[in-house]
Amino acid sequence: MDYLDENNRLIAAPEPRWITSPKRLRVFFGGEAIVDSTRANLFRGGGPPVYYFPKEDVRQGALTATGRTESNARGTMSLYDVQVGERSAEGAAWEYTETADDVPFLAGMLSFRWGEMDAWYEEEEEVFVHAKDPFKRIETFRSVRHVEVYAGGEKVADSSSPVVLLEPGHPLRYYLPKMDIRMDLMLPSETVSRCPYKGKADYYSVETGSGLLEDAAWCYKYPTTETAGVAGLVCFFNERVDAIHVDGEESEKPVTNWRR
């Protein structure tokens, strides 16, 4: 098997799909823990992993059946409103009442829309954006490969000291020191994104004589411990710039959700 898939992204292991987590999981809403479970299950169904909980581990009275259902490839879900005191989140919880043949384990378990809740904790560590995949390992390593970045018809970066980041399900990324980048062409953007594995990213647009290339690069100023090696370095979207050359060869452009 190749290291990359047909879209030039690192291969991500699809199995196992359903695992019982060894962690204590708590979900907070309205200032109270509405879930406290040591029997949570993690569903790895493609995309971000999702936690599911036994009904017994969800606070009694926190959910109200809406009478509404939604269907997808995995089955039919009954939706619940979440309410604690004056706080409410409409349709923010669900339970599969009917499941497809390949996911019978989802039946009768409860899950919640991550962003609608106040906070999620694995043991005593808060987790952001979505659940972490225990089978996903991110690697960063220093390199001496020669990386050149072209945008708007100009060379905007030239470095022989990149940090390479490998993340399953994503393209290979090269993070470059600012001293090797034409920072006079880089304009801070208001765009930010968050990742449970890497932290908060701030974005840059690139302005050349050809115009403005919006959100063409990003930087983790204060990354998580596991990706501390990219702190303060800048990475360019191969999908958005003209080209990225590595050791004199143009890298293939990956197909991702970031490509415009």
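**Figure 1. His245 and its partner across the hairpin.** In this predicted model, His245 faces Glu250, which belongs to strand 22. Strands 21 and 22 run antiparallel and are joined by two bridges. Together strand 21 and strand 22 make a hairpin, with two residues separating them. Look in the turn for Asp247, whose phi is positive, at about 50°.

**Figure 2. Strand 21 against strand 13.** Moving to another partner of strand 21, we find strand 13 (residues 147-151), which pairs with strand 21 (residues 243-246) in the antiparallel sense through four bridges. Two facing pairs are good places to rest the eye: Val147 sits opposite Val246, and Val149 sits opposite Ile244. Are the residues on the two faces of strand 21 buried or exposed? Ala243 and His245 on one side are buried, as are Ile244 and Val246 on the other, leaving both faces of the strand covered.

**Figure 3. The open sheet around strands 13 and 21.** Stepping back, the sheet has four strands in the order 14-13-21-22, and their pairing is antiparallel. The sheet is open, with strand 14 (154-159) and strand 22 (249-250) as its edge strands. Each of these edge strands pairs on one side only.

**Figure 4. Arg26 and Glu124, a salt bridge between distant parts of the chain.** Here the side chains of Arg26 and Glu124 meet in a salt bridge, with an N to O distance of 3.0 Å. Arg26 comes from strand 2 (residues 25-29), while Glu124 comes from the loop between strand 10 (119-122) and strand 11 (125-127). The pair is 98 residues apart along the chain. With a relative accessibility of 12%, Arg26 counts as buried, whereas Glu124 is exposed at 57%.

**Figure 5. Asp133 and Arg44, a salt bridge between two loops.** In this pair, the closest N and O atoms of Asp133 and Arg44 are 2.9 Å apart. Where in the chain do Asp133 and Arg44 lie? Asp133 is in the loop between strand 11 and strand 12 (139-142), and Arg44 is in the loop between strand 4 (41-43) and strand 5 (50-52). The salt bridge thus links distant parts of the chain, 89 residues apart. Asp133 and Arg44 are both buried.

**Figure 6. Glu90 and Arg68, a salt bridge from strand to strand.** Glu90 and Arg68 form a salt bridge whose closest N and O atoms lie 3.8 Å apart. Because Glu90 sits in strand 8 (residues 87-99) and Arg68 in strand 6 (residues 63-72), the pair ties together parts that are 22 residues apart in sequence. Glu90 is exposed, at 58% relative accessibility, and Arg68 is partly exposed, at 35%. Elsewhere, Arg39, Glu56 and Asp57 are connected in a network of salt bridges. Searching the whole structure gives 21 salt bridges.

**Figure 7. The largest nonpolar core and a second one.** The largest nonpolar core holds 25 residues. Which of its residues touch the most other members? They are Ile34, Tyr51, Phe53, Val82, Phe112, Met117 and Trp120. Strand 2, strand 3 (32-37), strand 7 (75-84), strand 8 and strand 9 (110-112) are the elements that give two or more residues to this core. A second core, separate from this one, has 23 residues, including Val147, Leu166, Ile181 and Val241. You may remember Val147 as the residue opposite Val246 in strand 21.

**Figure 8. The surroundings of Tyr51.** Tyr51 is one of the residues that touch the most other members of the largest core. Leaving aside residues up to four places away in sequence, its contacts include Leu25, Leu42, Leu110, Trp114 and Trp120. Among the other residues that Tyr51 touches are Ser21, Lys23, Asn41, Ser111 and Glu122.

**Figure 9. Cysteines without a disulfide.** How many disulfides does the structure have? The count comes to zero. For Cys195, the closest cysteine sulfur is in Cys235, and at 13 Å it is too far for a bond. Cys235 is in no disulfide either, since the nearest cysteine sulfur, in Cys219, lies 10 Å away and the cut-off is 2.5 Å. Cys195 counts as buried at 14% relative accessibility, and Cys235 counts as buried at 0%.

Notes:
Residues numbered from 1 in each chain as written. Predicted model: local features only at pLDDT ≥ 70, side-chain atom pairs only at ≥ 80, totals over all residues. Heavy atoms only, no water. Pairing = 2+ DSSP bridges. Buried < 20%, exposed > 50% of the residue type's maximum accessible area, 1.4 Å probe, protein only. Salt bridge = Lys/Arg side-chain N within 4 Å of Asp/Glu carboxyl O. Core = buried A, V, L, I, M, F, W, Y, C linked by side-chain atoms within 4.5 Å. Contact = heavy atoms within 4.5 Å.
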